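Grab a pencil and work through a few exercises on the structure shown here. Try each task yourself before reading its solution.

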Amino acid sequence: MIIVSKSDYILFRECKKNVWLKKHRPDIYDKSGLSEFEKSIIETGNEVELLARKLFPAGILIEGRGKEAQELTQKYISKKETVLFQPIFVRDGFLAAVDILEYDAEKGGYNIYEVKATNEIKEKVHFYDLAFQVNLLRKCDVKVTGIKLLHLNPDYVRKGELDLKNMFMTEDVAEGVEKLVDEVSAEMDGALEYLSVETEPVGHCSCIAKSRNNHCTTFQYSNPDVPEYRIHDIARIGSSKKKLQQLIDANIFKFEEIPEEIEFSEIQKNQIDAYVLDKILMEKELIRSEFDSLIFPLYFLDYETCPAAIPRFDGYSPYQQIPFQFSLHKLAAPIRQAQGVPAELEHFEFLHTSSDDPSRALAEALQKYTGNIGTIIVWNKKFECKRNEEIGKRLPEFKMFMDSINHRIYDLMDVFSKQFYVHKHFKGSTSIKCVLPVLVPKLSYKDLHIQEGGTASQSWDKIALSNISKEEKDKIAKDLLAYCELDTYAMYAIWRELENIIK
């Protein structure tokens, strides 16, 4: 018999066939496995839930999902136990574990608390999640008298020990959830019926009508006729749902099949033209104008950060980035060619390897290496500038310096986001990981042990928080330094290649 869990239902609302494969073809569903990012989300959720339980010191944890856990839940419910953590309910083919269930003696019923490791309520997900639980508990003859969301408070700033009462926000969402109960009940029945069918559903999965970022993990299996680079990759196509649906209805997935009469934004049209016409779109004079404004020495700067859901240090809020590393390449003067790397290029780096707040040490190192003049080149300046603002706020004595850094920043990504240079192999992206192999193919992240920021963040966590050997710590540090150094050298190499192109 098929059992539809709460998470199955949420996935069902996103893509029906994906959940069917999960239930009936785990060999296909499990192929992709969990990414490091997905694993970190699960770990963060567990960490936040453990802290939330401390707000209910009398709570009893029910472990497991089997018959014993179900019987234990019913035993405590019959005794009207005050607070239960993870009580398990199963009825009519549905299953759910409630994060926190609190008995309200005055009302003679239970308050459901859903704990979310987020800074805000997401009604389209959280309310449906809760409505599923409400329906199931009522099927189990459990009276629900309160429906609440417990989530992180974005305005909380740590000072001393964690203040859990202020770090969490409890919001009464009963009104919004109750409005969805009947709709969700019908969807639950539909999900159970759909997932109980043994024959695999034919045709495209529902993700076919969504942008790539919203595709399920089994998209390629369910849509084998859709090419790797496709209409779903058109920039901001997710904001043009009617246009995307129009193309899908016409069975058009390849760029070269897109009719000329369909209107696109200039950014989208340039992306399509670069691919279909197989040509590079370039505005040399506009790039030249950008680069003429740069002041030597040039500094190519990149931060690595860790977004801790639970603030670890004073002055931090939930999910505020901890800047633990930077790489800095300095070019003292315009390029004078020499053998190999130009002699003027210098490299400086910083990596915090202890468990305390890196902010002060990072700011001191940055101040030491950047001087008072020269353009500071970054990729996606909103990110770096925000980190600088936060450091200045946490450390007032560095505010003037961090503000001066921000005033000197130039965003090299602008060349590509403004479409002064468009190449078909960018595939509509302005990520340095997409631009670098096109402009400087000899450079690659593929040989590095750390190849993207998420892994860098998790690796630093191991150094700062885990009890690992000195050898392992040194190896991770070496990998982090190599990754961050390539980020800034890549910026330099892209800038240099563009300089050569626009001569």
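What follows is a set of four exercises, each with a worked solution.

This is a predicted model, so local features need pLDDT of at least 70, side-chain atom pairs count only at pLDDT 80 or more, and totals for chains, interfaces and linings use all residues. Residues are numbered from 1 along each chain as its sequence is written, and side-chain values use heavy atoms, with hydrogens and water left out.

**Exercise 1. Two helices crossing**

Task: work out how α13 and α20 cross, and which residues meet there.

Solution. Start with the general recipe: a packed pair of helices is described by the angle between the axes and the distance between them.

Step one is to find the elements, which are DSSP runs numbered from the N terminus (helices are H or I with at least four residues, strands are E with at least two). Helix α13 covers residues 284-292 and helix α20 covers residues 470-501.

Step two is the geometry. The two axes come within 10 Å and cross at roughly 125°; axes here are lines fitted to C-alpha atoms, for helices over the stretch in contact, with angles running from 0 to 180 degrees between N-to-C directions. That makes α13 oblique to α20 (under 35 degrees is roughly parallel, over 145 roughly antiparallel, 65 to 115 roughly perpendicular, and the rest oblique).

Step three is the contact, meaning heavy atoms within 4.5 Å. From α13 come Lys284, Arg288 and Phe291, and they meet Trp495, Leu498, Glu499 and Ile501 of α20. Sorted by class, that makes four nonpolar, no polar and three charged residues (nonpolar: Ala, Val, Leu, Ile, Met, Phe, Trp, Tyr, Cys and Pro; charged: Asp, Glu, Lys and Arg; polar: the others, Gly among them).

**Exercise 2. The faces of α13**

Task: which residues of α13 are buried, and which are exposed?

Solution. First, the cut-offs: buried is under 20% relative accessible area, exposed is over 50%, and partly exposed is in between (1.4 Å probe, protein chains only).

Next, pick out Ile287, Glu290 and Phe291, which are buried. Looking down the axis of α13, these buried residues fall within an arc of 90°, so they line one face of the helix; the arc is that of the directions from the helix axis to the C-beta atoms.

Then flip to the other side of α13, where Glu285 and Asp292 are exposed. Finally, check the partners: the buried residues pack against β10 (281-282), β15 (409-411), α17 (414-417), β16 (421-422) and α20.

**Exercise 3. Backbone oddities**

Task: find where the cis peptide bond sits, and say where Asp278 lies and where Tyr319 lies.

Solution. As background, most residues other than glycine have a negative phi, and most peptide bonds are trans.

Begin with Phe296 and Pro297, joined by a cis peptide bond with omega of about 0°. Pro297 belongs to the loop between α13 and β11 (298-307).

Now the positive phi values. Asp278 has phi near 50°, sits in the loop between α12 (266-276) and β10, and is exposed at 52% relative accessibility. Tyr319 has a phi of about 70°, lies in the loop between β11 and β12 (321-331), and is partly exposed at 29%.

**Exercise 4. A buried threonine**

Task: is Thr488 buried or exposed, and what is it in contact with?

Solution. Place Thr488 in helix α20. At 0% relative accessibility, Thr488 is buried. Leaving aside neighbours within four places in sequence, Thr488 is in contact with Phe300, Leu301, Asp302, Ser327, Leu328, His329 and His347.
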